[in-house]
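Reader: I'd like a close look at one part of this model, the salt bridges and the helix that carries them. Could you walk me through that part, with enough of the rest to place it?

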Amino acid sequence: MASRRALQIGGATVGAGAVYYLYSAGGNPSVAEKKLEHDVSAAGARLQGQDMSTKEAQKKAEVVAKEAGATLDRTVDTVRGEVRQADRVITAKMHEAGSKLDQLKDDGSKKLDSAYKDTSKELQQTADTFDKTVNQKTAEAKSGISSWLGFGGK
């Protein structure tokens, strides 16, 4: 009796399914049959873990491609921004280095001029001292020689 009951429930289910497919197909049996085949293959794919249709897979691939493109665009924009920032920093550092070089050049030139002037002044003083000493010693020697020869006025 249990098997007879199962057959009755199974038959009723098949009948209800046939009515559903005929109704959804608008009473056209060939359209209902194609819809039934599609649903059976989709159910089989779901049982095997392949529950996406080709259109669904294409749509998902398009979404993934758009997301990947957007991510790539954001990454490129980020890298461009970082390159621009690095360029600004490098340019600023180059200007700073140029300014420091000019300042060092000016400082070195001033120190060189100062050392030149100091050395020239010392050399002039030494030359003047030497001239005075030579003139004094020459005068003394002249006076001594004149006195030896009797030209002196003593």
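Author: Quick bit of vocabulary before we start: helices here are DSSP runs of at least four residues, H or I, numbered from the N terminus. With that numbering, Ala32 falls in helix 2, which covers residues 29-48. Keep in mind that this is a predicted model.

Let's set the scene. The protein chain has three helices and zero strands, so in sequence order the pattern reads α-α-α, going by the DSSP runs. Helix 1 takes in residues 2-24 and helix 3 takes in residues 54-149. As for confidence, the protein chain averages a pLDDT of 81, and 86% of the residues score at least 70. Helix 3 has the highest mean pLDDT among the elements, at 87, while helix 1 has the lowest, at 73.

Now for the part you asked about. The structure holds two salt bridges. One pairs Glu96 with Lys100, and their closest N and O atoms are 3.5 Å apart. The cut-off for counting such a pair is 4 Å. Glu96 and Lys100 both sit in helix 3, four residues apart, which means about one helical turn separates them. Neither partner is buried: Glu96 is partly exposed at 38% relative accessibility, and Lys100 is partly exposed too, with a relative accessible area of 46%.

The other salt bridge joins Lys137 and Glu140, with 3.9 Å between the closest N and O atoms. That value is still within the 4 Å cut-off. This pair is also in helix 3, but three residues apart, and again the separation is about one helical turn. Lys137 comes out as partly exposed, with a relative accessible area of 48%, and Glu140 gets the same label at 43% relative accessibility.

For contrast, go back to Ala32 in helix 2. Ala32 has a relative accessible area of 6%, so it counts as buried, the limit being under 20%. The C-alpha atoms of Ala32 and Tyr20 are separated by 8.8 Å, with their positions twelve residues apart along the chain.

How much of the protein chain counts as buried? Just 3% of its 154 residues do. The protein chain exposes about 13,700 Å², and carbon and sulfur atoms supply 60% of that area.

So, back to your part: both salt bridges, Glu96 with Lys100 and Lys137 with Glu140, link residues about one helical turn apart within helix 3.

Technical notes: Residues numbered from 1 in each chain as written. Predicted model: local features only at pLDDT ≥ 70, side-chain atom pairs only at ≥ 80, totals over all residues. Heavy atoms only, no water. Helix = DSSP H or I, 4+ residues; strand = E, 2+ residues; numbered from the N terminus. Buried < 20%, exposed > 50% of the residue type's maximum accessible area, 1.4 Å probe, protein only. Areas by Shrake-Rupley, 256 points an atom, 1.4 Å probe, with all protein chains shown as cover. pLDDT = per-residue confidence, 0-100. Salt bridge = Lys/Arg side-chain N within 4 Å of Asp/Glu carboxyl O.
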